[in-house]
Amino acid sequence: MAFAFAAAIGAKAQTEVTAPQNVYARQTTLLNGEWNYFVDLQEQGYYDYRMNPTRWGYFINAKMKNPSDLVEYDFDASPTLHVPGDWNTQSEELFLYEGTIWMKRDFDYEPRAGRRALLYFGAVNYEAIVYVNGKKAGRHVGGFTPFCYDVTDLVKGGKNFVIVKIDNKRHKDNVPTLIFDWWNYGGITRDVLLVDVPETYVEDYWLGLDKEVTGKKRILNFSLKLNKPVADQEVTLSIPELKIKQRFTTNAEGEIANCQLSVVSSKLQLWCPETPKLYDVELEMGNEVIKDEIGFRTIETRGKQLLLNGKPIFLKGVCSHEETAYTSRRCNCAEDADTLLSWARSLGCNFIRLAHYPHNEHAVREAERQGFLLWSEIPVYWTISWQNEETYANAERQLKDMIRRDHNRAAIIIWSLANETPHSDARDKFLGRLATTARSQDNTRLISMAMEVTGASNYVNRLQDNMNQYVDVVSFNQYIGWYRDVNDAPKMKWEIPYEKPVIISEFGGGAKAGYHGDKGQRWTEEFQENLYRENLAMLEKIEGLAGTCPWVLKDFRSPRRPLPGIQDGFNRKGLFSDQGKRKKAFYVLRDWYKSK
Ligand code: GCU
């Protein structure tokens, strides 16, 4: 199993390092909490009046020393925002704000010999420029993946401060691009950690079940990478429940590559939705012990079948944004996830499409603990700048970071490269490169993307997409009954000329919870209910249908949904309202999943 080590990641600035695998199992200090902030509409804390980057920016955290000193900002006298958290739902004046905000937090640090200090961000939307004690640690773009800096040479004993310039302005060459159907939550949206590691530490490791079944034995594949090429480092891998305790030694590159551990099949309980078995795993190197919980399962396709642990499975799915129930803000902890997962559970789901960007690690691990299979996606959404090499590097970086953070999560079975992207040679080339990269990073999971079928001729819907050659599962969005062909679902036929499993990655329609009327009346629960009935009956006829993922678990905020009295800034295609009210369509889908 090729374990493409991270050597190839885009150019790293100053002190940027690869975010350590399973960072929460390291020695960490949480830098969450109240951070001082202020808005910088014209970015004068970064540029001088000639629009050149200034050395005297807000990142130096200047303080008046003499009565005549001119300092026109003061973090410590400024209000605070809670981290992790988006700024939009923490302050009314910031609800619609897209631009730059500066945030600061003080922290204490005690340097110790032979130790390094890493500053880890779970995610910051969108661009983050990070400074420690006035010195630049680095710049990161992309709002949904972790990044990390080695700040050992920037911190000092005693009081320190970290300042982040955050800018969530949308740009056409960004990923995602200018327009997207979700709220552009800005801020330090996930945990911030100060990670204390030895000079040489375990940067990444990989542990998974091999597809091969040899007699009564199964093989676990194990690989590991240190943060630097140090040979002869001893690492002990223990899986107590499987009576595995094995010592390995790193090679000249500081790696343990493609080692195989044999387990008696009957002793190994495989991870699956019914029994999401996670094994306690320990990695010991010197005084460091990294504990993890890992499930063992295989996922593969055979013709149009999807096989989990070698057995056919139907994905009873739903799509979900990373937005909390009831309060509609960015989720950032296991509790936030648990509420949404309980709603998906009540629908009878065994699968969740995490739309349209990697969700936080707490949510992924909570879903795994609860036995949900997951689809994880990067925000290559609609029409991005296919010919822009920087846009490609950004998308590829997000892909690699998504895979690296979660490649030991048994729950994740599908990496999705994109959503509803328009056909063109440039697009095909861009997505083809991403697909090749994804496979080189992880050849144990399935690759897909949300294609789309936007029209039928004579009631025949044909899926035609050049990207079919790169994906293991052909997935597409279709909105019969809502954006097109209302009440024509019963007449529809489907042509999907690919010998691969089919997932309907989106379908559905809107309804305002509590609004009732005739099934022909849009926005009523009856209209949505009928649309689901007709769609499910239609989809049932698709040969090779291996899963469905209706759009969407709950109503969510979107700047593209202004209709007063109905949408009021929410996409209303939820099966649940944002306040957790089950709409009539909920019962249609739940009963259908029960029948599956
Ligand atoms: C699209 C898109 C979603 C969007 C949905 C809708 O297919 O992928 O992000 O919210 O349709 O229009 O409601």
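**Figure 1. Salt bridges run through this predicted model, and there are 56 of them.** Opposite charges are the theme here: side chains of opposite charge can pair when their charged atoms come close. The next few views pick out some of these pairs.

**Figure 2. R397 and E16 make a long-range pair.** In this close-up, R397 forms a salt bridge with E16, and their closest N and O atoms sit 2.7 Å apart. R397 belongs to helix α3 (residues 389-406), while E16 is part of strand β1 (residues 16-17), so the salt bridge ties together parts that are 381 residues apart in sequence. Is this pair buried or exposed? Both R397 and E16 are buried.

**Figure 3. K104 pairs up with D76.** Here the closest N and O atoms are 2.8 Å apart. Look for K104 in strand β5 (residues 100-109) and for D76 in the loop between β3 (33-39) and β4 (80-83); the pair therefore ties together parts that are 28 residues apart in sequence. The two partners don't share the same surroundings: K104 has 1% relative accessibility, so it counts as buried, whereas D76, at 43%, counts as partly exposed.

**Figure 4. E361 and R365 form a salt bridge within helix α2.** Their closest N and O atoms are 3.0 Å apart. How far along the helix are the two residues from each other? They are separated by about one helical turn, because they are four residues apart in α2. E361 counts as buried because its relative accessibility is 5%, and R365 counts as buried too, at 13%.

**Figure 5. Some salt bridges link up into a network.** Which residues are joined here by salt bridges that share partners? They are E43, E127, R139, K165, D167 and K169, and together they make one network.

**Figure 6. The largest cavity has a volume of about 150 Å³.** Of the 14 residues that line this cavity, the closest to its centre are L340, L341, L354, H359 and A363. Three elements each supply at least two residues of the lining: α1 (334-347), β23 (351-354) and α2 (361-369). Which of them gives the largest share? That's α1, with three residues. Sort the lining by class and you get nine nonpolar residues, four polar ones and one charged one. If you feel like hunting for others, the structure holds nine cavities of 30 Å³ or more.

**Figure 7. A ligand sits among 14 residues.** Which residues come nearest to the ligand? D181, Y381, E420, Y483 and E506 do. Now zoom in on the ligand's oxygen atoms. One ligand oxygen is 2.6 Å from an N or O atom in the side chain of Y381. For Y483, the distance from a ligand oxygen to a side-chain N or O atom is 2.5 Å. R561 also reaches the ligand, with a side-chain N or O atom 3.0 Å from a ligand oxygen.

**Figure 8. The side chain of N22 meets the backbone of K291.** You'll find N22 in the loop between β1 and β2 (27-30). Despite its place in a loop, N22 counts as buried because its relative accessibility is 5%. A polar atom of the N22 side chain lies 2.9 Å from the backbone oxygen of K291.

Technical notes:
Residues numbered from 1 in each chain as written. Predicted model: local features only at pLDDT ≥ 70, side-chain atom pairs only at ≥ 80, totals over all residues. Heavy atoms only, no water. 1 Å grid on protein atoms, 1.4 Å probe; cavity = no way out; pocket = protein on both sides within 12 Å on 5 of 7 lines; lining within 4 Å. Points joined across faces, edges and corners; volume = space filled by probe spheres on them. Nonpolar A, V, L, I, M, F, W, Y, C, P; charged D, E, K, R; others polar. Salt bridge = Lys/Arg side-chain N within 4 Å of Asp/Glu carboxyl O. Buried < 20%, exposed > 50% of the residue type's maximum accessible area, 1.4 Å probe, protein only. Near = heavy atom within 4 Å. Polar contact = N/O pair within 3.5 Å; in protein donor to acceptor, adjacent residues only side chain to side chain.
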